[in-house]
Structure formats: C-alpha cells, structure tokens
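User: Could we go through the ring contacts in this one together? Let me pull it up first.
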Amino acid sequence: MKVKDRDLKYKATITKVEDFDEKGQVKFYASIFGNKDKAGDIVTKGAYHKTITENFKEIQHYKNHDNRLMPGVVIEAREDDKGLFVVSKLILGTQLGKETYEEYKAMAEAGKSMFHSIGYIPVIEEQKDEANYLKEIYLKEVSTLTAHPVSYTHLRAHETRGNLV
C-alpha cells in the first residue's frame, strides 16, 4: 500500500515502559486492544497481523511523528492479548538516541508512564453498537511522544484529542 503522510491518522496511548536496557533496547505498548477511545474507535485484536506480516521492514520509530527524528529502529512488533507490543533499539550513537534513552530511563525509574502513538491508515472498519471497530490497520510508524498528544498542533487536532485511550 502506497502511503502518503497526509493520509495518516494518529492514535496515542499512555502505558508504562515495559523494559529498557543499557544497550538502548526499549519495550513498550504502542496500542491497546478493546478500549473505546473518545473518537469512538476500538482497535481489535488481530488488527495489526497483516501489516506486521507483510510490512514489518517499513515500520519506523519516530519521535513526535516527525519523520526527520528517528531515535530508534523497530526490531520487533507483535500482537499479544493486551495490544501491539514493540521492541525498538535506540540509536545511541546519535544525540537523539541518547536523549530518548535518558527519557525512557528517567520515566521507568520514576515508575511513570509514557505516551506512545501510532501513525496508521484504517483498512477494515466496522460500525457497530455506537463504536467504530478497527479490524485491520496499515501501520507506518510508532512514535515516542514527549508531551501530551493534544499539544501537537501539527497533527489533526480532532483526531489527536479523540484518540487517547
């Protein structure tokens, strides 16, 4: 699927950092299944299966959805019972990678949660029971967010506000 950035939608979630190590490997959930967000969307288990299987090599790790800022490389993405679990190897040889590592480390050590978000295109949706079920998603990128998602004015404001879980 040819994807243009203007076609992307964004969904953010706040979760704890699952793990990180001194080599820069971080583990986190980029999306959670089964939660109805403020836009009325519910991501269903299995929604990422096809994109992970067919397009894994194209999935990027950005900071704040800015494709000029790549703090890490996605080395694993998989679905489990909770959601989309991602493992990224931060690029510690760059200033951005080092800074992002320090942010993950500080937040994890303080027991804090971090915002992560996905840049995606809905492929299969189903309207049912006053909700929009996202059954298949084309995933272009995951992002580490450094502020509350509603502060990103370059994102579609109504989608950013409406897609918190």
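Analyst: Before we start, a charge is taken to sit over a ring if NZ of Lys or CZ of Arg is within 6 Å of the ring centre and within 35 degrees of the ring normal. Please also keep in mind that this is a predicted model.

User: OK, so which residue lies over the face of Y133?
Analyst: That is K128, which is placed over the face of the Y133 ring at 5.3 Å from the ring centre.

User: And how many aromatic pairs are there in the whole structure?
Analyst: A search of the whole structure gives four aromatic pairs. One of them is F20 with Y101, whose ring centres are 6.0 Å apart and whose planes are at 65 degrees, so this pair is edge-to-face. The pair links distant parts of the chain, since F20 belongs to strand β2 (residues 19–20) and Y101 to helix α2 (residues 95–109), 81 residues apart.

User: Are those two buried or exposed?
Analyst: F20 is partly exposed, with a relative accessible area of 22%, whereas Y101 counts as buried because its relative accessibility is 11%, and the cut-off for buried is under 20%.

User: What about Y29 and F85?
Analyst: Y29 and F85 also form an edge-to-face pair, with 5.2 Å from centre to centre and 65 degrees between the planes. Y29 lies in strand β3 (residues 25–32) and F85 in strand β7 (residues 83–90), 56 residues apart, and both Y29 and F85 are buried.

User: Switching topic: where is T144, and what does it touch?
Analyst: T144 is in strand β9 (residues 131–144) and counts as buried, at 0% relative accessibility. Leaving out residues up to four places away in sequence, T144 has contacts that include H61, Y62, Y104 and F115.

Key
Residues are numbered from 1 along each chain as its sequence is written. This is a predicted model: local features need pLDDT of at least 70, side-chain atom pairs count only at pLDDT 80 or more; totals for chains, interfaces and linings use all residues. Side-chain values use heavy atoms; hydrogens and water are left out. Helices (H or I, at least four residues) and strands (E, at least two) are DSSP runs, numbered from the N terminus. Buried means under 20% relative accessible area, exposed over 50%, partly exposed in between (1.4 Å probe, protein chains only). Contact means heavy atoms within 4.5 Å. Rings of Phe, Tyr and Trp (its six-membered ring) pair if their centres lie within 6.5 Å; planes under 30 degrees apart count as stacked, over 60 as edge-to-face and the rest as tilted.
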